[in-house]
Amino acid sequence: MPLFQRTIKLTLATCLAAFLASFWGASYATTAGIIALLSVSETRRSTLKLAYKRLLSMLLALALASLSFAVFGFQLWSLSLYLLIYIPLAYQLGWEIGITPSTVLVTHLLLEESIALPLLANEVLIFLIGTLIALSVNLYMPDRQNKLTDYHTRVENLLRSILKRFETFLRLGDGRNDAELIKKLDQELEEAMELAFLDQSDQLLHQTTYHVAYFEMRREQNYILKAMAQNINHCQFSVEESTILADLFAYVAEELSQENPAQDLLDKIQHYLAIFRQRPLPQTREEFESRATLLQLLRDLYVFVQIKVDFAQHHAQSSQKA
């Protein structure tokens with residue numbers, strides 16, 4: 001979430017919660033603003049999850065504090081006893097996120113020297129106002145689809161550029177700096193994954209995993225490209241082999257897209273694998289090493305495309321089930 005937008009949200013949630021609590025006659029109305037400030041999270045889903053845990057933590061805190069004050073009186077050491085019991089219990093239950101706001105509410109009981117039902121209801125009210133205002137403010141989230149679409153395009157363009165760099169090297173022997181593009185693709189994928197996870201966690205009702213799965217698939221492909229880059233930079237093919245392989249890389253680069261299921265690419269690579277396996281056996285050590293590198297590149301390219309085919313088939317089946 002951009003800093004400006006987060007600032008506006010936090011300010012609006014804090015002031016609105018405090019105003020509403022005051023308008024409805026709640027004591028310690030500003031506490032509702034503080035609870036709202038603490039409750040605005042990065043996504044709708046995380047805000048809702050935190051609100052639920054804080055609610056349970058608050059109810060536990062008021063119950064334990066009421067018991068402590070009722071038995072031992074409204075003394076500072078009674079508050080200490082409450083904390084000694086409440087804090088480890090909250091951590092054990094996974095409700096530690098509510099320790100701070102809940103204890104603020106408990107101090108109101110100490111200051112008022114009362115655990116009367118109207119005062120307890122007041123504490124629950126200001127908690128609910130702060131939490132509900134935070135949830136309401138967080139209903140608005142920026143549309144990330146345009147950014148995600150842009151990342152799809154940039155990732156595919158980089159993949160295409162890397163494959164064409166391989167083609168250039170095979171044709172001209174010039175292309176040893178493809179690691180720069182691969183590192184750049186790593187960075188783009190890291191940023192894209194972060195945004196995709198954020199978008200996924202922001203969906204309350206229908207949670208789609210497409211973007212996360214897509215960028216994970218492209219990251220797997222980039223691992224393959226790293227290995228291919230090492231092999232290409234140390235290979236010595238014949239002119240015919242280099243040309244055939246360069247043509248194949250160019251073809252894969254042109255056909256690479258989000259929409260292409262890529263099955264035809266697999267068929268084409270299998271065809272070339274069959275052709276190279278039928279060629280005469282190498283006669284020298286250099287020819288043998290060259291042939292082994294050539295076949296490894298073809299196998300890596302096959303795996304590269306297979307990853308995309310598996311992804312396309314999986315999401316096609318998911319769409320049909322939906």
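1. Start with where helix α1 meets helix α6. On the α1 side, the residues involved are Lys9, Leu12, Ala13, Leu16, Ala17, Leu20 and Ala21, and they meet Ile126, Ile129, Gly130, Ile133 and Val137 of α6. Sorted by class, that makes 10 nonpolar residues, one polar and one charged. This is a predicted model, by the way, so read everything below as a description of a prediction.

2. Now the geometry of that pair. The axes of α1 and α6 come within 9 Å of each other, and they cross at roughly 145 degrees. As for handedness, α1 passes α6 in a right-handed crossing.

3. Helix α1 (residues 3-23) also packs with helix α2 (residues 29-39): their axes come within 7 Å and cross at roughly 150 degrees. The two are therefore roughly antiparallel to each other, since an angle over 145 degrees counts as that. Here too α1 makes a right-handed crossing, this time past α2.

4. Which residues make the contact between α1 and α2? From α1 come Leu10, Ala13, Thr14, Ala17, Ala18, Ala21 and Ser22, while α2 brings Ala29, Thr30, Ala32, Gly33, Ala36 and Leu37. Nine of the residues in this contact are nonpolar, four are polar and none is charged. If you are colouring residues as you go, note that Ala13, Ala17 and Ala21 of α1 appear in the contact with α2 and also in the one with α6.

5. Have a look at the loop between α1 and α2, where you will find Tyr28. Its phi is near 55 degrees, which is a positive value in a residue other than glycine. Is Tyr28 buried, exposed or partly exposed? With a relative accessible area of 27%, Tyr28 is partly exposed, because that label covers values between 20% and 50%.

6. Next, helix α4 (residues 76-93) and helix α5 (residues 99-112). They pack at an angle of about 155 degrees, with their axes 12 Å apart. That makes α4 roughly antiparallel to α5. The crossing of α4 past α5 is right-handed.

7. The α4 side of this contact consists of Leu79, Tyr82, Leu83, Tyr86, Ile87, Ala90 and Tyr91, and the α5 side of Ile99, Ser102, Thr103, Val106 and Leu110. How many of the residues in the contact of α4 with α5 are charged? There are no charged ones; the contact has 10 nonpolar and two polar residues.

8. Beyond α5 there is another residue to check for its backbone. Glu113 sits in the loop between α5 and α6 (117-137). Phi of Glu113 is near 50 degrees, again a positive value in a residue that is not glycine. Glu113 is exposed, with a relative accessible area of 55%; the label fits because exposed means over 50%.

9. Compare that with another glutamate, Glu188, which is in helix α8 (residues 178-201). Glu188 has a relative accessibility of 10%, so it counts as buried. What is Glu188 in contact with, once neighbours within four places in sequence are left aside? The list is Tyr151, Arg154, Val155 and Leu158.

10. Gln221, in helix α9 (residues 210-232), is also worth finding. Its relative accessibility is 1%, so Gln221 counts as buried. Not counting residues up to four places away in sequence, Gln221 touches Leu159, Phe304, Ile307 and Lys308. Try locating Asp300 as well: Gln221 and Asp300 are 79 residues apart in sequence, yet 9.6 Å apart in space from C-alpha to C-alpha.

11. Finally, step back to the whole chain. There are 12 helices and zero strands. Of the 322 residues, 44% are buried. Take contacts between residues at least 6 apart in sequence: 75% of them join residues at least 24 apart. The chain exposes about 17100 Å², and carbon and sulfur atoms supply 60% of that area.

Methods. Residues are numbered from 1 along each chain as its sequence is written. This is a predicted model: local features need pLDDT of at least 70, side-chain atom pairs count only at pLDDT 80 or more; totals for chains, interfaces and linings use all residues. Side-chain values use heavy atoms; hydrogens and water are left out. Axes are lines fitted to C-alpha atoms, for helices over the stretch in contact, and angles run from 0 to 180 degrees between N-to-C directions. Helices (H or I, at least four residues) and strands (E, at least two) are DSSP runs, numbered from the N terminus. Angles under 35 degrees count as roughly parallel, over 145 as roughly antiparallel, 65 to 115 as roughly perpendicular and the rest as oblique. A crossing is left-handed if the near helix is turned anticlockwise from the far one by less than a right angle, and right-handed if clockwise. Contact means heavy atoms within 4.5 Å. Ala, Val, Leu, Ile, Met, Phe, Trp, Tyr, Cys and Pro count as nonpolar, Asp, Glu, Lys and Arg as charged, and the others, Gly among them, as polar. Buried means under 20% relative accessible area, exposed over 50%, partly exposed in between (1.4 Å probe, protein chains only). Accessible areas come from the Shrake-Rupley method with a 1.4 Å probe; for residues, only the protein chains shown count as cover.
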